[in-house]
Amino acid sequence: MFKILKYSFYDLIRSRWSYVYFLFYLLLGFVLLFLNNDVSKAIITLMNVIIILVPLISTIFGIMYFYNSKEFTELLLAQPVKRSSIFLGQYLGVAGSLTLSLVLGLGIPFVLYGLFKSDAIFDFSLLLVTGAFLTLIFTVLAFNIALSNENKIKGFGYAVLLWLFMAVIYDGLFLMSLIIFKQYPLDSFSLGATIFNPIDLSRTLILLKLDISALLGYTGAVFKKFFGTDQGLFVSIFMLIFWTVLPIWRLVFVSRKKDF
Amino acid sequence: MIHIENLQKKFGKNIVLSDLDLIIEKPGVFAILGPNGSGKTTLIKSVLGMVVPDKGNISVMGKPIKKNFKYRKKIDYLPQIANFPGNLKVYELIRMIKDLRQSPSDEERLIQLFKLEPFLDKKLSTLSGGTKQKVNIVMAFMFNSPLLILDEPTTGLDPASLIHLKNLIREQKEMNKTVLITSHIMQFVAEVSDIIVYLLEGNIYFKGSIEELKTKTGQTDLEHAIAAIAIEPAHV
Ligand SMILES: Nc1ncnc2c1ncn2[C@@H]1O[C@H](COP(=O)(O)OP(=O)(O)OP(=O)(O)O)[C@@H](O)[C@H]1O
Ligand SMILES: [Mg+2]
């Protein structure tokens, strides 16, 4: 599997898009630090970008890589290599190179600015960890969609829809149900709804760690009580791992039965 | 070598192989023939584990291939369509496959034979169809595996390369290997193969030597014999 990972990783590192992605974060990091002149404020702005952009880029990269490496996959299938290694290797190659772009692209400006001397280091690490998780999650979701759809256009469409749903529509539905059912107690509902969407989960996790009262009112208090504790952090990380592992398992399972 | 028992494969409602049994025990060149869409490639890919059968058992070298992948180290495969990652250069592709297989290889000789030196640092997406097929052949013959599977190896080759290909196949035969070939070019089949396996309607319709086939159909050349076998199913 590591050989496949290596080849996929090099293949991507050589590609123009990895650089574009890396340079984008590098630029974003520097610009935000100069504009805000404050590490903590820059982190909040960054969060808003990462939460939306990382899933989008991961989804698109994942789906394009899977379809474009069809020949590579077919070549490997005739070699003495396990099927699961082929797909896991390619997946980790894509997710790994995307994560590297993210971590290096943002890490360099922040470290240069003096991150290690500021007390925002934990918040910043949390941001990078959730960013890495979102990359892992949305890349493997995209791989799953591509594996189940021979038709590229359809697969691409589903992938973009998935992102749209998770990043935009889910929140809309969530807010709407909060308004419609406002006479009922909705604590556990809103808590559950947040936990079941990795994007919302990441956002809430960071916001509450940053100690901003962006979530006002009663619900905010409930969230604070849950996510603010170690147990809340633990459950959140567990859910992110769950969101990563379950699609990986499906990828391996479905790929075993597929004809090439 | 290869034992296939009760093999069945459907694509949706299309039953491609049904209850197919085939035993290939001896070394030699086996030609798998049959009309377009008769399931030759599907049969080959089932042996390679690329197509997952609905039913049946396949063993290669005495071991079932289910949940096994190491047996592919004993098989060299030439796919019907030479689809290679287009962004790789020829030498990068060869190096990668060598790295993955970790077996001794003699690609130098084959590269010289097919005059591929000028193309080694060209990207695969820029090669002509015939040149790609030569790369395909180099990749299939460069390892010394006991079993070779060639799916339409003659596609797009010029006459000189075709002669090299035939010599390579004879060489394998002399080394006591088992070679499976599919082809629609009967002259080529007649020249290189020992045994004909004829696939029709999802099953082995005929298996035997070229001579047996000619006697059975009362024809004097292979092309007519094959044509006759397909037209008159009652003669089995
Ligand atoms: N991945 C697939 N999905 C659906 N149908 C398939 C698939 N692969 C093959 N088939 C169908 O299976 C049948 C047999 O195809 P196969 O490629 O095995 O034929 P073949 O004997 O190799 O033909 P040819 O002489 O043209 O190479 C065809 O009807 C084909 O359409
Ligand atoms: Mg075929």
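**Exercise 1. Which backbone atom of B:Ser38 faces ligand 1, in terms of polarity, and how many Å separate it from an oxygen atom of the ligand?**

Solution. The structure is a predicted model. Step one is to take the backbone of B:Ser38, where a polar atom is 3.3 Å from an oxygen atom of ligand 1. Step two is to compare that distance with the cut-off for a polar contact, which is a pair of N or O atoms within 3.5 Å. Step three moves to B:Gly39, which places a backbone N or O atom 3.0 Å from an oxygen atom of ligand 1. Step four turns from backbone to side chain, since an N or O atom in the side chain of B:Asn36 is 3.0 Å from an oxygen atom of the ligand.

**Exercise 2. Determine how far the protein covers ligand 1, and describe the residues that surround the ligand.**

Solution. Begin with the area: on its own, ligand 1 has 640 Å² of accessible area, and the protein covers 63% of it. Next, identify the elements of chain B that give two or more residues to the shell, which are β2 (14-24) and α1 (40-48); the most comes from α1(B), with three residues. Then list the surroundings: 13 residues surround the ligand, and the closest are B:Lys40, B:Thr41, B:Thr42, B:Gln80 and B:His184. Finally, sort the shell by character, which gives three nonpolar residues, nine polar ones and one charged.

**Exercise 3. Follow helix α5 of chain A from its start to the residue just after its end.**

Solution. First consider the span: α5(A) covers residues 83-113, 31 residues in total, and reaches 45 Å from its first C-alpha to its last, close to the 45 Å expected at 1.5 Å a residue. Second, locate the bend, a kink of about 30 degrees at A:Gly107, shortly before the proline A:Pro109. Third, step past the helix, where A:Gly114 takes a positive phi of about 105 degrees.

**Exercise 4. Set out the secondary structure and the overall dimensions of each chain.**

Solution. For chain B, the count is eight helices and ten strands. With 236 residues, the globule rule gives 18 Å and the radius of gyration of chain B is 18 Å, so this chain is as compact as a globular protein of that length. Its C-alpha atoms fill a box of roughly 55 × 40 × 35 Å along the principal axes.

For chain A, the count is eleven helices and zero strands. Its radius of gyration is 19 Å, close to the 18 Å from the globule rule for 260 residues, so chain A is as compact as a globular protein of that length. The C-alpha trace of chain A spans about 60 × 45 × 30 Å along its principal axes.

Terms used. Residues numbered from 1 in each chain as written. Chains lettered and ligands numbered in written order. Predicted model: local features only at pLDDT ≥ 70, side-chain atom pairs only at ≥ 80, totals over all residues. Heavy atoms only, no water. Near = heavy atom within 4 Å. Polar contact = N/O pair within 3.5 Å; in protein donor to acceptor, adjacent residues only side chain to side chain. Areas by Shrake-Rupley, 256 points an atom, 1.4 Å probe, with all protein chains shown as cover. Helix = DSSP H or I, 4+ residues; strand = E, 2+ residues; numbered from the N terminus. Nonpolar A, V, L, I, M, F, W, Y, C, P; charged D, E, K, R; others polar. Expected span 1.5 Å × (residues − 1). Bend = angle between axes of the 7 residues up to and from the residue. Rg over C-alpha atoms; globule rule 2.2 N^0.38 Å.
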